[in-house]
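Biologist: I would like to discuss this model with you, step by step. Please show the sequence and the structure before we begin.

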Protein chains: 2
Amino acid sequence: MNQPTLAPESGFFRARILLGYDGTNFFGWGRQSDVRTVQGELEAALSTLYRQNIETVVAGRTDAGVHATGQVAHADLPEGDFGFEFESLVYRLNRILPEDMRIKSFERASNNFHARYGALRRHYVYKIQDGNGIVEPIKRLDIAPWYRDLDIDLMNQAAASLLGENDFFSYAKFRPNATTIRDLQRFDFERMDDGVIISHITADAFCYNMVRALVGTMVYIGEGRFPVSWAKEVLDKKERPSDSVVFPANGLTFVGVDYPTDVEMIERFNKVLAKRALSINDAVDEEGE
Amino acid sequence: MNQPTLAPESGFFRARILLGYDGTNFFGWGRQSDVRTVQGELEAALSTLYRQNIETVVAGRTDAGVHATGQVAHADLPEGDFGFEFESLVYRLNRILPEDMRIKSFERASNNFHARYGALRRHYVYKIQDGNGIVEPIKRLDIAPWYRDLDIDLMNQAAASLLGENDFFSYAKFRPNATTIRDLQRFDFERMDDGVIISHITADAFCYNMVRALVGTMVYIGEGRFPVSWAKEVLDKKERPSDSVVFPANGLTFVGVDYPTDVEMIERFNKVLAKRALSINDAVDEEGE
């Protein structure tokens with residue numbers, strides 16, 4: 001299931017899906033038999049339209065409560081007449097899907113396109129209201145509150161010390177047989193006019209709970225509990241992070257994925273598989289956040 | 001009840017409350033015995049803390065589904081020791097109140113302060129996603145979708161034709177014994193970078209459903225169904241608006257109120273009462289949106 005393959009099976013074509021969701025009332029992306037998930041809703045809608053079981057592969061397997069504005073998935077869809085035009089899929093799916101998830105585009109992709117293994121980098125945003133400030137109720141669903149004042153200059157210094165290719169073992173919840181080497185390409189904090197702090201975090205891929213552990217560690221530095229140097233010390237220590245530094249899911253939004261050109265996609269795909277995992281199956285669970 | 005008085009009763013002081021709420025799950029501001037309202041929740045929390053019945057008066061009696069970021073209310077609170085500092089009220093109330101409403105400040109006001117009759121002007125914002133565009137799920141709670149493309153230049157021309165002191169009878173749902181003369185001070189439309197259209201609407205006060213009828217009428221002009229001149233023709237016709245032009249509540253947010261200085265407040269208060277109503281009781285229900 002979700003076995004990565006370079007090309008769709010005969011009689012199928014690959015489609016690329018761009019979607020957003022309010023993660024508040026989902027148990028995350030990944031399909032589970034007994035709870036409401038984004039993948040579960042999407043696959044159920046596609047399977048209804050195509051009258052057969054349709055599965056999807058996603059760029060970032062978001063956790064329960066995490067939102068998305070620029071999530072990308074792919075699906076292999078059967079060729080043939082199913083009583084509707086492929087071009088009408090966005091409209092048809094959004095009529096079926098619940099309001100807290102929306103398909104933004106649905107396009108025929110190259111057979112080499114792979115939403116997960118083809119991704120060059122993922123972009124996340126994390127929002128914090130610090131200093132016990134009031135979170136505007138209408139904006140509360142994607143902002144995490146923090147009671148102490150945060151010094152974003154300190155947080156930016158600490159964040160910069162983690163940039164580059166590092167072993168993020170200390171910022172990742174345990175997953176068996178998974179490498180924790182990642183290339184952190186952007187990590188900074190900015191205070192907006194309304195006082196909300198926005199963090200931009202970009203990496204080639206993220207380990208499980210990595211963004212939320214990174215943000216939580218910076219918060220401890222920004223409130224003065226630990227010095228700026230602590231961020232790098234934690235990295236070098238190679239110990240599993242405490243649950244207390246893993247910040248709440250609701251502050252986190254998956255905002256986008258970058259993909260290479262079609263000709264570079266196959267090369268990229270093979271490189272990721274070779275680098276990341278002992279086998280294809282071992283690699284399946286390690287990404288996301 | 002909510003009888004406007006210039007000064008609190010003896011043994012009480014007037015407090016000014018700034019608050020915001022996500023109107024999605026409230027049946028509007030005004031207290032009702034059997035459903036969840038913002039006033040009901042606020043008064044219940046205050047009554048719990050003060051161990052007696054506390055009532056509030058609000059600047060804008062918002063309808064079910066309408067949001068607020070800058071709502072203002074007042075309450076007359078008893079002097080004396082109730083086991084907590086007045087300064088801790090924001091914190092104490094927000095611990096009691098549900099997450100979809102937050103007190104932003106709670107201040108001792110002049111005895112002449114009156115949240116409703118002292119207000120110089122109210123500010124609303126309305127958000128629209130036109131052209132059948134996808135509403136970002138995480139932002140969906142305060143954006144109204146519209147299926148056709150809207151030309152905001154036409155809407156701005158039409159909106160400008162309604163500015164000034166006019167009888168907004170044609171833009172107000174029926175309320176007995178209520179004048180419909182209002183001074184519309186700002187009404188314009190702007191398209192943001194993400195494609196969402198934001199309308200700013202300011203008046204001394206609004207008739208019942210007036211903002212939503214104004215916006216709906218401009219939408220019909222923006223989609224080309226009626227010419228720009230229709231806005232003024234509707235105004236001059238003095239016929240009750242059709243329900244179809246009253247746009248959905250969820251796009252509407254009460255963003256602020258302006259008050260005069262303390263010395264001007266008494267004068268303002270008397271002027272509003274003289275102008276608006278046959279009696280004080282008749283005036284109670286006519287405002288809001």
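Biologist: How many residues of domain 1 of chain A are in contact with residues of domain 2 of chain A?

Modeller: The model is predicted. The domain assignment of chain A places domain 1 at 12-118 and domain 2 at 121-254. Their centres, taken over C-alpha atoms, are separated by 28 Å. On the side of domain 2 of chain A, eight residues take part, and on the side of domain 1 of chain A the number in contact is 15.

Biologist: Which class of residue, nonpolar, polar or charged, has nine members on the side of domain 1 of chain A that touches domain 2 of chain A?

Modeller: That side of domain 1 of chain A includes four nonpolar residues and two charged ones. The class with nine residues is polar.

Biologist: What arc around the axis do the buried residues of α1(B) cover?

Modeller: Helix α1 of chain B comprises residues 38-50. Its buried residues are V38(B), Q39(B), L42(B), A45(B) and L46(B). They lie on the same side of α1(B), because the arc they cover is only 140°.

Biologist: Which residue of chain B comes closest to the rotation axis?

Modeller: Chain B is superposed on chain A by a rotation of 180° with 0.0 Å of shift along the axis, at an RMSD of 0.0 Å. This is the relation of a two-fold axis. The copies meet through the same surface, because 100% of the interface residues of chain B are also interface residues in chain A. At 3.9 Å (C-alpha), the residue of chain B that comes closest to the rotation axis is K139(B).

Key: Residues are numbered from 1 along each chain as its sequence is written. Chains are lettered from A and ligands numbered from 1 in the order in which they are written. This is a predicted model: local features need pLDDT of at least 70, side-chain atom pairs count only at pLDDT 80 or more; totals for chains, interfaces and linings use all residues. Helices (H or I, at least four residues) and strands (E, at least two) are DSSP runs, numbered from the N terminus. The expected span of a helix is 1.5 Å times one less than its number of residues. A residue is buried if 20 or more other C-beta atoms lie within 10 Å of its own, exposed if 12 or fewer, and partly exposed in between; C-beta atoms are placed from the backbone. The arc is that of the directions from the helix axis to the C-beta atoms. Copies are superposed by least squares on the C-alpha atoms of residues with pLDDT of at least 70 in both. Two residues are in contact if their C-beta atoms, placed from the backbone, lie within 7 Å. Domain bounds come from an automatic or database domain assignment. Ala, Val, Leu, Ile, Met, Phe, Trp, Tyr, Cys and Pro count as nonpolar, Asp, Glu, Lys and Arg as charged, and the others, Gly among them, as polar.
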